[in-house]
Amino acid sequence: LKIAQKGLKHAEQLLASKTSGSPAKKLEFYSEVSRALHKYLGDKLNIQQADLSIENVLAALSSRSVNGEIPGALKSLWETCEMARFAPTSLEAAAIQNTFDQARRLIVELERTLRK
C-alpha cells in the first residue's frame, strides 16, 4: 500500500505542477499511475513483475474471490493508462483527474477487500 501511495502522490504532484499542461508531463502522469498500479498489484498478489499482465491479475483476484465491479474497473483503468502512454490521442485535464481519482479509489477498495 505504501508503494502505491508513494506512486500516486508523485502522480498527484505532476497533476498539480505548473507545467501539468505539457504533453510530456501528462504522459509522465499516466506512467506514474501505471507504475504504482503494477507495483501494488505485483506485491499484493505475489505476481512477479515479468508475469504481471491484466489476465494474471484478474485470475489472481478471481482466486481470492474478489468480485463485483473491482476487476472490471481495474481492467478499464489499466487499459486507460496503457492507451494514454502508448497511443495518446486526448490528454484532457478532466480525464487525467478522473484517472487519478479512479486509481486512488480502486487501490483503497482492493486493500479493503484483500484484507478480509
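Biologist: Which side chains meet in a salt bridge at 3.2 Å, N to O?

Modeller: Those of Glu109 and Arg112. Keep in mind that this is a predicted model. The general idea is simple. Side chains of opposite charge can pair when their charged atoms come close.

Biologist: How many residues apart are Glu109 and Arg112 in helix 5?

Modeller: They are 3 residues apart, so about one helical turn separates them. Glu109 is partly exposed, because its relative accessible area of 32% falls between the 20% limit for buried and the 50% limit for exposed.

Biologist: How many salt bridges does the count come to?

Modeller: The count is 4. Arg85 with Glu82 is one of them, and there the closest N and O atoms are 3.1 Å apart.

Biologist: Where do Arg85 and Glu82 lie?

Modeller: Both lie in helix 4, 3 residues apart, or about one turn of the helix. Now check the accessibility of each partner. Arg85 has a relative accessible area of 28%, so it is partly exposed. Glu82 has 23% relative accessibility, so it also counts as partly exposed.

Biologist: Which residue forms a salt bridge with Lys44?

Modeller: Glu111 does, with 3.1 Å between the closest N and O atoms. This pair links distant parts of the chain. Lys44 sits in helix 2 (residues 23–45), Glu111 sits in helix 5, and their positions lie 67 residues apart in the numbering sense of being 67 residues apart.

Biologist: Is Glu111 buried or exposed?

Modeller: Glu111 is buried, because its relative accessible area is 8% and the limit for buried is under 20%. Lys44 is partly exposed, with a relative accessible area of 25%.

Biologist: Now the fold. How many helices and strands are in the chain?

Modeller: There are 5 helices and 0 strands. Along the sequence the pattern reads α-α-α-α-α.

Biologist: What percentage of the contacts between residues at least 6 apart in sequence join residues at least 24 apart?

Modeller: The share is 68%. As for burial, 37% of the 116 residues in the chain are buried.

Biologist: At what angle do helix 4 and helix 5 pack?

Modeller: Read the angle and the axis separation together. Helix 4 (residues 70–86) and helix 5 (residues 93–115) pack at about 140°. Their axes are 10 Å apart. The crossing of helix 4 past helix 5 is left-handed.

Biologist: Which residues in helix 4 meet helix 5?

Modeller: From helix 4 come Ile70, Ala73, Leu74, Ser76, Leu77, Thr80 and Cys81. In helix 5 they meet Thr99, Gln102, Ala103, Leu106, Glu109, Leu110 and Thr113. By type, the residues of this contact divide into 8 nonpolar, 5 polar and 1 charged. Glu109 appears in this contact, and its side chain also meets that of Arg112 in a salt bridge.

Biologist: On to rings. How many aromatic pairs does the count come to?

Modeller: The count is 1. Phe29 and Tyr30 form the pair, 5.3 Å centre to centre. With 80° between the planes, the pair is edge-to-face, because that class takes angles over 60 degrees. Both Phe29 and Tyr30 are buried.

Biologist: Where is the place of His38?

Modeller: His38 is in helix 2. His38 is buried, at a relative accessible area of 17%.

Biologist: Which residues is His38 in contact with, leaving aside its neighbours within four places in sequence?

Modeller: Gln49, Leu52, Trp78 and Glu82. Glu82 is a name you have met, as the salt-bridge partner of Arg85.

Biologist: Last, the backbone. What is the phi of Asn46 near?

Modeller: Look for the sign, then ask whether the residue is glycine. Phi of Asn46 is near 55°, which is positive in a residue other than glycine. Asn46 lies in the loop between helix 2 and helix 3 (54–63). Asn46 is exposed, with a relative accessible area of 66%.

Biologist: And what is the phi of Ser65 near?

Modeller: Near 60°, again a positive value in a residue other than glycine. Ser65 is placed in the loop between helix 3 and helix 4. Ser65 counts as exposed, at 55% relative accessibility.

Notes
Residues numbered from 1 in each chain as written. Predicted model: local features only at pLDDT ≥ 70, side-chain atom pairs only at ≥ 80, totals over all residues. Heavy atoms only, no water. Axes fitted to C-alpha atoms, helices over the stretch in contact; angles between N-to-C directions. Helix = DSSP H or I, 4+ residues; strand = E, 2+ residues; numbered from the N terminus. Left-handed = near helix turned anticlockwise from the far one by under 90°. Contact = heavy atoms within 4.5 Å. Nonpolar A, V, L, I, M, F, W, Y, C, P; charged D, E, K, R; others polar. Phe/Tyr/Trp six-rings, centres within 6.5 Å; stacked < 30°, edge-to-face > 60°. Buried < 20%, exposed > 50% of the residue type's maximum accessible area, 1.4 Å probe, protein only.
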